[in-house]
Amino acid sequence: MNVRAADFTKVVHAGVEADPRTGAIMTPIFQTSTYVQSAPNEHKGWDYSRAGNPTRDALEVAFAALEGARHGLAFSSGLAAEQAIIQILNPGDHVLVCDDVYGGTGRLFRRLFAKYNLSFEFIDMTDLVKLEAALRPETKMIWVETPTNPLLKVIDIEAVSRIARRGKALLVVDNTFASPLFQSPFEWGADIVVHSTTKYIGGHSDIIGGAVMVNDDALHEQIKFVQFAGGAVPGPFEAFLLLRSIKTLAVRMEKHAANGMEVAHYLKTHPKVAQVFFPGLPEHPQYAIAKRQMRGFSGMVSFNLKGNYDDVVRFLQKLEVFSLAESLGGVESLVNHPEKMTHASVPEEMRRHLGIGSQLVRLSCGIESAEDLIKDLKRALA
Ligand code: P1T
C-alpha cells in the first residue's frame with residue numbers, strides 16, 4: 001500500500017510548463033488584477049483575475065491532474081469550494097450528508113444554506129440500507145467525506161455511487177483526509193471531488209485554499225460560473241505556493257502514512273488509551289473497504305483517552321512535538337480536541353450520538369521522525 005510510482009513524477013510536473021517568454025522553470029506569480037486589451041474585449045485570453053489568472057490556471061491544471069480529472073477549479077478555502085458546489089443546487093433540493101463531517105462543513109449546511117430552502121439530512125453512510133431508504137425524489141446530491149473527520153470512518157464510495165446513480169443524485173466526495181495520492185474517488189464513481197488544500201495538498205500550514213475537480217463538462221461550466229460570479233478565488237501568490245507544495249506531495253504523503261501507522265500501533269497498546277480510530281488497523285470496522293479503496297492511510301489518527309477531561313488537558317499540555325492547534329496535513333504534527341475545537345459547532349446531541357466526547361483526541365502526524373512522535377506521546381501519557 002503506497003503512493004503509485006507514476007504519481008511521484010506526476011506531482012513534480014503537473015500543470016507546469018516553462019514560461020514561454022523567459023524559459024523560467026517555475027510558474028511566474030502573475031500578481032495582476034487586470035490585463036491590457038487591444039480593442040474592447042480583444043485580449044490574450046485573460047481580462048480580469050477573478051475570471052482567470054495564469055498562475056491560477058496552472059494550479060487548476062495541476063488539481064485536475066492530481067485526481068485524474070478533466071477539470072480543476074481553485075477556491076480561496078475548502079469551505080468556499082464546498083459553497084460553490086452547493087450553489088449549483090436549487091431551492092427545495094435535498095442533500096444527504098454523511099453524519100461525521102468537518103464541523104465547519106456541517107455549520108455551512110445547517111446554518112447558512114438551510115435558510116435558502118435547501119435541506120440537509122445527516123446520516124451514517126457506513127449503513128447502505130439506511131442510505132438507500134433516505135433517498136427522496138428531491139435528493140439531488142449525496143455528500144461523502146471519507147475518511148471522516150474526526151472519527152475516521154470509511155465510506156464505500158463505489159457502493160454509494162451505485163445508490164446515487166439510481167436516485168439520479170450527484171455524488172460529491174471530500175477527499176481531504178486521504179489526499180489525491182491515497183484515494184481516487186473518480187475511479188469509484190464520484191461526480192465531484194473536493195479538497196481543503198489548506199491540508200495535505202498545501203502541506204506547510206501557510207495557506208488557506210480549496211479545490212474542486214470534475215470530469216463532466218457541463219458540471220464544470222456550472223461550478224466555474226459560481227467561481228466567477230461569486231469570486232471566492234485564491235490570489236496568485238497562494239496559487240504559486242500550492243504549485244510549489246504539490247511537487248513534494250508524494251514524498252510527504254509516504255512519511256505521513258508511515259508515521260500515522262506507527263503512532264496508531266503504539267497507541268493501541270498503551271494502557272491509558274481506550275480506543276484508537278485509524279483505517280489502517282485490521283480491527284477498524286471498515287478495514288476491508290479501506291484496503292480496497294485506499295492506497296495509504298495518511299497521518300490522521302484519533303483516539304479516546306481513559307480518565308476525565310482534566311487528564312486530557314494535562315496530556316495536551318505535556319506534548320512538545322505535537323502542537324495544540326486546529327487544522328491538519330502540515331509537515332509539523334498537530335493535536336486537536338474535536339469537541340472543544342474543530343467540532344464545537346456540531347449540535348451537542350449529534351456529537352454525543354457520534355461519540356465526539358471530552359476524551360476524544362485527534363492527531364495529525366507530520367513528517368518528523370516517528371521515534372520522536374512516539375517519545376512525545378509516551379512522555380505526555382505517563
Ligand atoms: O478550512 P478550509 O480550508 O475552509 O477547509 C474546510 C474543510 C473541508 N473539509 C475537510 C475534511 C476539512 O477537514 C476542512 C477543514 N478542517 C479543519 C480545519 C480541521 O482542523 O479539521
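S179 sits in the loop between β5 (170-174) and β6 (192-196), where helices (H or I, at least four residues) and strands (E, at least two) are DSSP runs numbered from the N terminus. S179 has a positive phi of about 75° although it is not a glycine. S179 is also buried, with a relative accessible area of 1%; buried here means under 20% relative accessible area, exposed means over 50%, and partly exposed is in between, using a 1.4 Å probe and protein chains only. The model is a predicted one, so local features need pLDDT of at least 70 and side-chain atom pairs count only at pLDDT 80 or more, while totals for chains, interfaces and linings use all residues. Residues are numbered from 1 along each chain as its sequence is written, and side-chain values use heavy atoms, with hydrogens and water left out.

N117 is another non-glycine residue with a positive phi, in this case about 60°. Its loop runs between α4 (103-113) and β3 (119-123). Buried or exposed, then, for N117? N117 is exposed, with a relative accessible area of 51%.

Next come the cis peptide bonds. One joins T146 and P147, with omega at about -10°, and P147 belongs to the loop between β4 (139-145) and α6 (157-166). A cis peptide bond also joins N149 and P150, with omega at about 10°. P150 is likewise placed in the loop between β4 and α6.

On to the sheet. It is open, has 7 strands with mixed pairing, and follows the order β1-β7-β6-β5-β4-β2-β3; two strands count as paired if DSSP finds at least two bridges between them. β1 (71-75) and β3 stand at the edges with a single partner strand each, so one side of each is left without a neighbour in the sheet. From one strand to the next, the twist averages 20°. Angles run from 0 to 180 degrees between N-to-C directions, and axes are lines fitted to C-alpha atoms, for helices over the stretch in contact.

At the β1 end, 5 bridges join β1 to β7 (residues 210-214), and the two strands run antiparallel. Within this pair, A74 stands opposite A211 of β7. Helix α2 (residues 54-67) packs on the sheet and touches β1, β6 and β7, its direction making about 125° with that of β1; contact means heavy atoms within 4.5 Å. Helix α3 (residues 78-86) packs on the sheet too, touching β1, β3, β4, β5, β6 and β7, and its direction makes about 155° with that of β6.

How many residues of β6 are buried? The count is 5 of its 5 residues, so β6 is mostly covered. Both faces of β6 are covered, with I192, V194 and S196 buried on one side and V193 and H195 buried on the other. β5 and β6 run parallel and are joined by 3 bridges, with I192 in β6 as the bridge partner of V172. β6 and β7 pair in the antiparallel sense over 5 bridges; here S196 has G210 in β7 as its bridge partner.

Strand β2 (residues 94-98) gives a matching picture of cover, with 5 of its 5 residues buried. H94, L96 and C98 are buried on one side of β2, and V95 and V97 are buried on the other. β2 pairs with β3 in the parallel sense over 5 bridges, and V95 has F120 in β3 as its bridge partner. The chain gets from β2 to β3 through α4, and this β-α-β crossover is right-handed: with the strands pointing away from the viewer, the path from the first strand over the helix to the second runs clockwise. β2 also pairs with β4 in the parallel sense, over 4 bridges, and W143 in β4 is the bridge partner of V97.

Finally, the ligand. There are 19 residues around the ligand, and D174, S196, T198, S327 and R362 come nearest; a residue is near a molecule or strand if one of its heavy atoms lies within 4 Å of it. S196 thus turns up both among these nearest residues and among the buried residues of β6. Which residues make polar contacts with ligand oxygen atoms? One of them is N149, with an N or O atom of its side chain 2.9 Å from an oxygen atom of the ligand. S327 uses a backbone N or O atom, 2.8 Å from a ligand oxygen. For R362, a polar side-chain atom lies 2.8 Å from an oxygen atom of the ligand. A polar contact is a pair of N or O atoms within 3.5 Å; within protein, one must be able to donate a hydrogen and the other to accept it, and residues adjacent in sequence count only if both atoms are side-chain atoms.
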